[in-house]
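Reader: Hey, I'm new to this one. Can you pull it up and walk me through it?

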Amino acid sequence: MDTEVKAAKLTVRCQFCETWNRIDASKVADGPKCGKCGRPILLERPLALNDETFQKTLAESDVPVAVDFYADWCGPCRMMAPAVDALAAHVQGRAIVAKLNTDHSSRTAGGFGIRGIPTTIVFDHGKEVARQSGALPLEGLKQLLARAGVAV
Ligand SMILES: [Zn+2]
């Protein structure tokens, strides 16, 4: 067993310059900036993931990641979007809340056998721990994330 106390880190790609950053989970609320371009890394709102960034973000982040699989044309997805935004603000530093556009990133979405959208999947160190299809209110999203051990 690893008894050393290590600060949990998040691995996030800068949306401006595409540089990968490692961020202390405890500093997420302090407004972290990209180590290369200095622009803000905004984690109080959902992080956009795609086929290129999905795997690395999930595998190399020490906190659970909740991913909203959605599409622009999907009415229930739009209905749920404010709850996903609120969830991101609520759990920042304790979890990553992300969105994946299933039309733009069909390889990743296809790999998970997504049948209907929206589908929310919670991952812990890259492993699926909870999944729910259909639009969820904020409380439902919190409960899903709690199943990965996140204090909500
Ligand atoms: Zn940058």
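Author: Here is a short chat about the metal site and a pocket. This is a predicted model, where local features need pLDDT of at least 70, side-chain atom pairs count only at pLDDT 80 or more, and totals for chains, interfaces and linings use all residues. Residues are numbered from 1 along each chain as its sequence is written, and side-chain values use heavy atoms, with hydrogens and water left out.

Reader: Cool. What coordinates the zinc ion?

Author: The SG atoms of C14, C17, C34 and C37 do, at 2.2 to 2.4 Å. Donors here are N, O and S atoms within 2.8 Å of the metal (3.2 Å for Na, K and Ca), and sites may look incomplete because water is not among the atoms.

Reader: And why is the arrangement called tetrahedral?

Author: Because the four donor atoms subtend angles of 105 to 113° around the zinc ion; four donors count as tetrahedral if all angles lie between 85 and 135 degrees.

Reader: How are the donor residues spaced in sequence?

Author: The pattern is C-x2-C-x16-C-x2-C. C17 sits in the loop between β1 (9-13) and β2 (20-24), and C34 in the loop between β2 and β3 (47-49), 17 residues apart, so the pair links distant parts of the chain. Strands are DSSP runs of E, at least two residues, numbered from the N terminus.

Reader: Is C34 buried or exposed?

Author: C34 is buried, at 4% relative accessible area, while C17 is partly exposed at 27%. Buried means under 20%, exposed over 50%, partly exposed in between (1.4 Å probe, protein chains only).

Terms used. Four donors count as tetrahedral if all angles lie between 85 and 135 degrees; four count as square planar and six as octahedral if opposite donors are over 155 degrees apart and all others between 65 and 115; anything else is irregular. Helices (H or I, at least four residues) and strands (E, at least two) are DSSP runs, numbered from the N terminus.
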